[in-house]
Amino acid sequence: MIIGGDKEELSAYLGRKFDSTDELGEQVRLDLNEPHMVTVCGKRGSGKSHTLGVMMEELMTLPAQARQNLNGLVIDAMGIYWSLQVQTPDTDLLDGWDISPREYPVKVYYPAGLEEQYEEIQQYFHEGFELYPSELSVEDWLYLLDIDETQAQAGLLSQVIEQAEEDFGQYYSIMDLLDKVEASPESANIKDALNRRLEKAKNWGIFSSSGSKIEEIVEGGEFVVLDLSGAGALPWNVRTMLTGILVKKMYNKRSFDRSREEVKKIKGEHTEVNFPLVWLFLDEAHLFAPSGHSEPSTDPLVEWVRQGRRPGLSLVMATQQPGALDNRILSQCDTLIIHRLTAGQDSDAVGDKISELHDAQTISHYMQQIPKAPGYAYAMNDDAETIVPVKVRPRKSWHAGESAKLEEFLDNQ
Ligand SMILES: Nc1ncnc2c1ncn2[C@@H]1O[C@H](COP(=O)(O)OP(=O)(O)OP(=O)(O)O)[C@@H](O)[C@H]1O
C-alpha cells in the first residue's frame with residue numbers, strides 16, 4: 001500500500017505491515033510525488049532518526065528525471081547524517097527484506113571557518129558554507145549577541161552596521177565591523193564589550209569568506225547535509241537563526257519560481273525548474289519551532305508548512321516531544337509516523353491529531369499494541385481512512401545515531 005498517493009515509482013519503501021504475529025505483511029510505502037509535511041515522533045531510542053534516514057535513502061533512489069528537479073536538504077544539528085555515504089555493516093539485519101547495503105552520494109557542508117576542526121574527517125565532510133553578516137538584521141544581531149536593545153552597545157552596533165553598509169554594500173565582514181567599532185568615538189567600555197561579542201561571533205565559523213553561500217548549495221539532483229553540529233562551536237540560537245534564514249530564502253525562491261512555471265504552463269511553453277522542489281529534513285524539530293516561545297526559525301517553518309505545498313516544498317521532521325512542538329506545525333502535517341511514545345503531554349498532542357481519522361482508536365490503544373523494539377510505528381495520512389502499523393525497514397547505509405559505547409575503544413574490537 002502507498003500512504004498518501006498511488007504512484008509506486010514515486011514513493012518511498014518505508015517498511016512492512018506488522019500485526020500481533022511475528023510475520024511481517026505487505027510493503028508500506030509513502031508517497032513522494034506530492035509535497036508532504038511529515039512528523040516522525042517517538043520517545044528516545046524508538047527509531048526516529050533511523051526512519052528519517054530511510055526516507056532520505058528512498059528520495060535518493062527516485063527515478064533520475066524526478067531526482068534532478070528536487071533537492072534533499074538535511075539540517076543536521078546533531079551531525080549524524082553524513083554517514084549516508086557509508087554502507088551499513090549490519091548485513092544480517094537486511095535478511096528477509098530484499099534490500100542490499102548501499103552508500104549514497106551525499107554532499108556534506110560545514111561552517112567554512114571551522115575548516116581546521118573538520119580536516120581529519122574531510123573524507124566525509126566536503127565543503128564549507130558561509131553567510132554574509134549583512135544577511136542578518138540589527139535585531140537578529142542583538143538576539144544572537146545577547147544584547148538588550150536598551151543597552152549602549154545596541155546603539156553602537158546599529159551605527160557600525162549602517163556605516164559598513166554605506167562603505168561596502170552587502171559585502172562586509174565581521175572584521176569590518178570590528179574596525180568600525182575601533183574607530184568609533186564611543187567610550188572604551190562600550191567598545192570593548194561589543195568587541196568581545198563580535199569576536200565570539202567570528203569563532204562560530206559561519207561568517208567566513210571562504211565558503212559557498214547557503215542558497216548556492218540547494219541545487220536540483222543533489223542531496224545535501226548541512227552539518228550544524230559545527231564541531232560544538234555553534235550555540236543553539238545560531239543554529240535556529242541559520243535555519244530560519246535558509247528556510248525563508250528557499251521558500252521565497254521556490255515560490256517565485258513556481259509563479260514563473262505556472263505562467264509558462266498557461267502559455268503552453270515547456271517549463272524547467274530553476275530552483276528545485278525541496279524535501280527538507282529536520283531532526284529535534286521541537287527545538288526549532290517550540291511551543292510557548294518563538295525561535296528565529298519558528299515563523300519561516302510555520303510559513304513553509306502552511307504555504308509550501310503550492311511551490312512544492314516538503315518537510316520531514318522528527319521530535320521526541322510532539323507536545324513541545326509549535327502546534328501550528330503539527331496541525332498542518334498531513335502525515336504522521338508515530339513510534340513508541342510514553343503517556344502524557346506528547347501522547348496527547350498526537351492523540352488529538354489521530355482523532356481526526358474516522359476509525360482511529362485512542363493513542364493509548366496503539367501504544368499498548370506497539371512492540372517495544374525500535375523501528376515499529378503507526379503511520380497515518382490525512383487522506384487515508386486508516387492508521388497503518390509498520391515495521392520500518394533496516395537502513396541500507398550506516399546509521400550514525402547510535403550511542404557511543406566504551407567497548408568501541410578497546411584494542412580487540
Ligand atoms: N527499523 C529499524 N530496524 C532496525 N534497527 C532500528 C530501526 N529503527 C531504529 N533502530 C535502531 O534503534 C536504535 C535507536 O534508533 P534511533 O537512533 O533512530 O532512535 P531515535 O528515536 O532517533 O533516538 P533519539 O531520540 O535518542 O535520537 C539505533 O541503534 C537504530 O539502529
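This passage describes the overall fold of a predicted model, one of its helices and the surroundings of its ligand. Local features were taken at pLDDT of at least 70 and side-chain atom pairs at pLDDT 80 or more, while totals for chains, interfaces and linings use all residues. Residues are numbered from 1 along each chain as its sequence is written.

The protein chain has twelve helices and 14 strands (DSSP runs, H or I of at least four residues for helices and E of at least two for strands, numbered from the N terminus). Of its 413 residues, 43% count as buried (20 or more other C-beta atoms within 10 Å of the residue's own; exposed means 12 or fewer, partly exposed in between; C-beta atoms are placed from the backbone).

Helix α5 comprises 17 residues, 152–168, and its end C-alpha atoms are 24 Å apart, which agrees with the 24 Å expected at 1.5 Å a residue (1.5 Å times one less than the number of residues). Its buried residues are Q153, L156, L157, V160, I161 and A164. They cover an arc of only 135 degrees around the axis, which puts them on the same side of α5 (the arc is that of the directions from the helix axis to the C-beta atoms). The face turned away from this buried side carries the exposed residues E162 and E166. Just after α5, G169 takes a positive phi of about 65 degrees.

The ligand is surrounded by 17 residues, the closest being G47, S49, H50, P374 and G375 (C-beta atom, placed from the backbone, within 6 Å of the molecule). Helix α1 (residues 48–59) provides the largest share of this shell, three residues.
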